[in-house]
Structure formats: structure tokens, C-alpha cells
Amino acid sequence: MDYRKRLFDLRTDNDLRQEDIANYLQTSGQAYGMYENGKRNLPIEYLIKLCEFYDVSSDYILGISDKK
């Protein structure tokens, strides 16, 4: 599974908007949207913060594992 789909699924499963996650990452909603849409690569710093936020492993977000 593509990490962009995992980002989308995690966000929507938690009833969050792109703006909510963007605020957490201290970036713009437009920039975060580009990560979910694949127009920009997700910086490693954001990957780490998202793992902490969602309480999942990086392997899960990256689609390497289905185990959260």
C-alpha cells in the first residue's frame, strides 16, 4: 500500500481535516495536501511526527507492514 493512501486513511479514520494535520505539523494545509496527493515527498521529520500522533509505526505508514 502506498504511504499516501495510509496518510489519507489515518486522517479520515480519525475524523480530521487536512488543516488539522497541517496545524500539528506546523505547515500549510496546501502543503500537507500535496503530501497526501503525491505532489511532494513527505519529509522524514513529518513521518516521525505522524507516527507519534497516530501511535503507529513508520513501517505501517510506509506500507511495509499492516501491523500498526
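## A walk through a five-helix model

Start by selecting arginine 6: with a relative accessible area of 5%, arginine 6 is buried. Please keep in mind on this tour that the model is predicted.

**Stop 1: the partner of arginine 6**

Keep arginine 6 on screen and add aspartate 66. The two side chains meet in a salt bridge, with N and O 2.6 Å apart. Aspartate 66 belongs to the segment after helix 5, while arginine 6 sits in helix 1, so this pair ties together parts that are 60 residues apart in sequence. Is aspartate 66 buried or exposed? Colour by accessibility and you will find that aspartate 66 is exposed, at 64% relative accessible area, whereas its partner arginine 6, at 5%, is buried.

**Stop 2: zoom out to the whole chain**

Now show the whole protein as a cartoon. What does the pattern look like along the sequence? It reads α-α-α-α-α, which fits a count of five helices and zero strands. The radius of gyration is 11 Å, close to the 11 Å that the globule rule gives for 68 residues, so the protein is as compact as a globular protein of that length. If you draw a box along the principal axes, the C-alpha atoms fill roughly 30 × 20 × 20 Å. Of the 68 residues, 34% count as buried. Among contacts with a separation of 6 or more, 49% come from residues 24 or more positions apart.

**Stop 3: more salt bridges**

How many salt bridges does a search of the whole structure find? The search finds five, and you have already visited one of them, between aspartate 66 and arginine 6.

For another, select aspartate 2 and arginine 4. Their closest N and O atoms are 2.3 Å apart. Aspartate 2 is partly exposed, with a relative accessible area of 32%, and arginine 4 is partly exposed too, at 30%.

Next, select lysine 5 and aspartate 9. Here the side chains form a salt bridge with an N to O distance of 2.8 Å. Both residues lie in helix 1, four residues apart, which is about one turn of the helix. Lysine 5 has a relative accessible area of 42% and is partly exposed.

**Stop 4: arginine 11 and its surroundings**

Stay in helix 1 and select arginine 11. At 8% relative accessibility, arginine 11 counts as buried, because the cut-off for buried is under 20%. Which residues does arginine 11 touch, leaving aside its neighbours within four places in sequence? Show the side chains of Leu16, Arg17, Gln18, Ile21, Tyr32, Glu36 and Tyr54, and you have the list of its contacts.

**Stop 5: helix 1 against helix 3**

Arginine 11 leads straight to the next view. Select Tyr3, Arg4, Leu7, Phe8 and Arg11 in helix 1, then add Tyr32, Tyr35, Glu36 and Asn37 in helix 3: these two groups meet each other. By class, the contact holds five nonpolar, one polar and three charged residues. Turn the model to look at the helix axes, which are 7 Å apart and make an angle of about 125°. At that angle, helix 1 is oblique to helix 3.

**Stop 6: helix 2 against helix 3**

Hide helix 1 and bring up helix 2 beside helix 3, which covers residues 29-37. The two axes come within 8 Å and cross at roughly 105°. Helix 2 is therefore roughly perpendicular to helix 3. To see who is touching whom, select Gln18, Glu19, Ile21, Ala22 and Leu25 on the helix 2 side, with Gly29, Tyr32, Gly33 and Glu36 on the helix 3 side. These residues divide into four nonpolar, three polar and two charged. Tyr32 and Glu36 may look familiar: both are among the contacts of arginine 11.

**Stop 7: two aspartates in loops**

Finish with the loops. Select aspartate 15, which lies between helix 1 (3-13) and helix 2 (18-25). Phi of aspartate 15 is near 55°, a positive value in a residue other than glycine. Aspartate 15 is exposed, with a relative accessible area of 71%.

Then select aspartate 55. Where is this residue found? Look in the loop between helix 4 (44-54) and helix 5 (58-62). Aspartate 55 also has a positive phi, about 55°, although it is not a glycine. Its relative accessibility is 67%, so aspartate 55 counts as exposed.

Note on methods
Residues numbered from 1 in each chain as written. Predicted model: local features only at pLDDT ≥ 70, side-chain atom pairs only at ≥ 80, totals over all residues. Heavy atoms only, no water. Buried < 20%, exposed > 50% of the residue type's maximum accessible area, 1.4 Å probe, protein only. Contact = heavy atoms within 4.5 Å. Salt bridge = Lys/Arg side-chain N within 4 Å of Asp/Glu carboxyl O. Axes fitted to C-alpha atoms, helices over the stretch in contact; angles between N-to-C directions. Parallel < 35°, antiparallel > 145°, perpendicular 65-115°, else oblique. Nonpolar A, V, L, I, M, F, W, Y, C, P; charged D, E, K, R; others polar. Rg over C-alpha atoms; globule rule 2.2 N^0.38 Å.
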